[in-house]
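Please work through the following exercises with the sequence and the coordinates at hand, and read each solution only after an attempt of your own.

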Amino acid sequence: MNTPPSSPGAKRADGPSVRIGALVPLTRPGWVEAGRHLLAGLELGVREVNDAGGIVGRPLELVVRDTAADPRRAAAAVDELAGLGMAALAGEYHSVVARAAATRADALGLPYLCSSAVLDALTEQPTDRVARLSPPQSRGWQVYADFLLGAGHRRIAVAAQPSVYWASGTRILRDHLAARGGGTLIELDMSALSATAVCDALVGHRATALLLLVGHPEPAVSIVKSVRHDERLAEILIGAPAGQPEFAEWATLLGDDGAAIPFLRYLPERLGPLGARVESVLRERLAEAPSFVAFEGYDTVAVLAEVLRSHGPDRARIAASWPHVAVEGTRGRIRFSRTPGISVWQWAWPHIQVADRDPAEPDRLRILHTG
């Protein structure tokens, strides 16, 4: 989809709408800022589809439900949206929530395009009904582990809270470090440790890097502040592979302490013409630089709009269309394929970066590594 917002001569969409259900975390304890960016991308995509004539003359409509990072709430929303006659389901940021949504959508026969959740096992069993735009956690976190090894880190601590997502990330890091013949992974259980106790543990274990596998803003912000202000840990690298420092709230809460904390993001080094145009519009809508999550939202609608134009709103035909998708997105050409170990149709592969906020200019992001 590479149509400008107001294509000259485009017939305005009219008639009964084609409806897509969208799952987005818009309230706490969900990551609200990520949800706001995801929704901005989804809404911009829908607006541009309708300005260009809609889905064969019918307007595209987004029906949004707030998941608040709650898997049960998401599953209930999927039931509701399926009953309201949605042609497809889109969205979600939190991996555990997306897994609940994908499982329920699969059971109901509702095709689901997951925008921004990375957990490898998005469904327990292989399914033809679910596709995903974001790279699986195993690939992204392996790129992050390669970055750590390349920077000379061999004693790496993870401060982790109990969660399927964090446990999966820890396992990926440990296995990849072992496969590369270097690195010791030290697990710090944040259900038992305070931020101050984390500092003592890092000193005791002689760790050179600490990865934050915890919720945002807390306890992530408190841990960063404690480590940054502990003179014993002046040389330690703090990392946040899940992407917390991408968002403006991170810089607002932490100031200079939030800089030089590498994180994963899913963007190319340079955007093409479509990506650059969308970036400009999203920046205006959000009043800040759009994160990769906003681009994922836009690309979600680009894919679904093309599928709906080609195959209509029939759910079975949409689900059967994933292997035939070839859509120009903001970050490259999107195609889905089967990937070993991944239970859903997967875009292989989005661009992956390790980036951080520049200490000299915290509003500027630096690309440190690509994979």
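Buried means under 20% relative accessible area, exposed means over 50%, and partly exposed is in between, with a 1.4 Å probe and protein chains only. The model is predicted, so that local features need pLDDT of at least 70 and side-chain atom pairs count only at pLDDT 80 or more, while totals for chains, interfaces and linings use all residues. Residues are numbered from 1 along each chain as its sequence is written, and side-chain values use heavy atoms, with hydrogens and water left out.

**Exercise 1.** Determine which parts of the chain the salt bridge between Arg285 and Glu43 links, and classify the accessibility of both residues.

Solution. Start from the criterion, in which a side-chain nitrogen of Lys or Arg lies within 4 Å of a carboxyl oxygen of Asp or Glu. The side chains of Arg285 and Glu43 satisfy it with an N to O distance of 3.8 Å. Next, locate the partners, taking helices (H or I, at least four residues) and strands (E, at least two) as DSSP runs numbered from the N terminus: Arg285 belongs to helix H9 (residues 273-286) and Glu43 to helix H1 (residues 32-51), so the pair links distant parts of the chain, 242 residues apart. Finally, Arg285 counts as partly exposed because its relative accessibility is 37%, and Glu43 counts as partly exposed at 34%.

**Exercise 2.** Examine the salt bridges Arg73 to Asp66 and Asp128 to Arg338, and state for each residue whether it is buried or partly exposed.

Solution. For Arg73 and Asp66 the N to O distance is 3.4 Å; Arg73 is partly exposed with a relative accessible area of 40%, whereas Asp66, at 16% relative accessibility, counts as buried. For Asp128 and Arg338 the N to O distance is 2.6 Å. Asp128 lies in the loop between E4 and E5, and Arg338 in the loop between strand E13 (336-337) and strand E14 (345-347), so this pair ties together parts that are 210 residues apart in sequence. Both are partly exposed, Asp128 with a relative accessible area of 49% and Arg338 at 36% relative accessibility. Salt bridges with shared partners also join Asp200, Asp230 and Arg232 into one network, and the count of salt bridges by this rule comes to 22.

**Exercise 3.** Describe the surroundings of Ser115, beginning with its place in the chain.

Solution. Ser115 is found in the loop between strand E4 (112-114) and strand E5 (130-132). With 0% relative accessibility, Ser115 counts as buried. Taking contact as heavy atoms within 4.5 Å, and not counting residues up to four places away in sequence, Ser115 touches Leu38, Ala90, Gly91, Glu92, Leu133, Ser134, Glu296 and Thr300. A polar atom of the Ser115 side chain lies 3.2 Å from the backbone nitrogen of Gly91.

**Exercise 4.** Which residues touch the most other members of the largest nonpolar core?

Solution. A nonpolar core is a set of buried Ala, Val, Leu, Ile, Met, Phe, Trp, Tyr and Cys residues joined through side-chain atoms within 4.5 Å. The largest has 77 residues, of which Leu60, Val303, Trp322 and Phe336 touch the most other members. Its largest share, 12 residues, comes from helix H10 (residues 292-311). Leaving aside neighbours within four places in sequence, the contacts of Phe336 include Val303 and Trp322. Apart from this core lies another, of 26 residues, among them Ile186, Leu188, Leu202 and Leu212.

Note on methods
A polar contact is a pair of N or O atoms within 3.5 Å; within protein, one must be able to donate a hydrogen and the other to accept it, and residues adjacent in sequence count only if both atoms are side-chain atoms.
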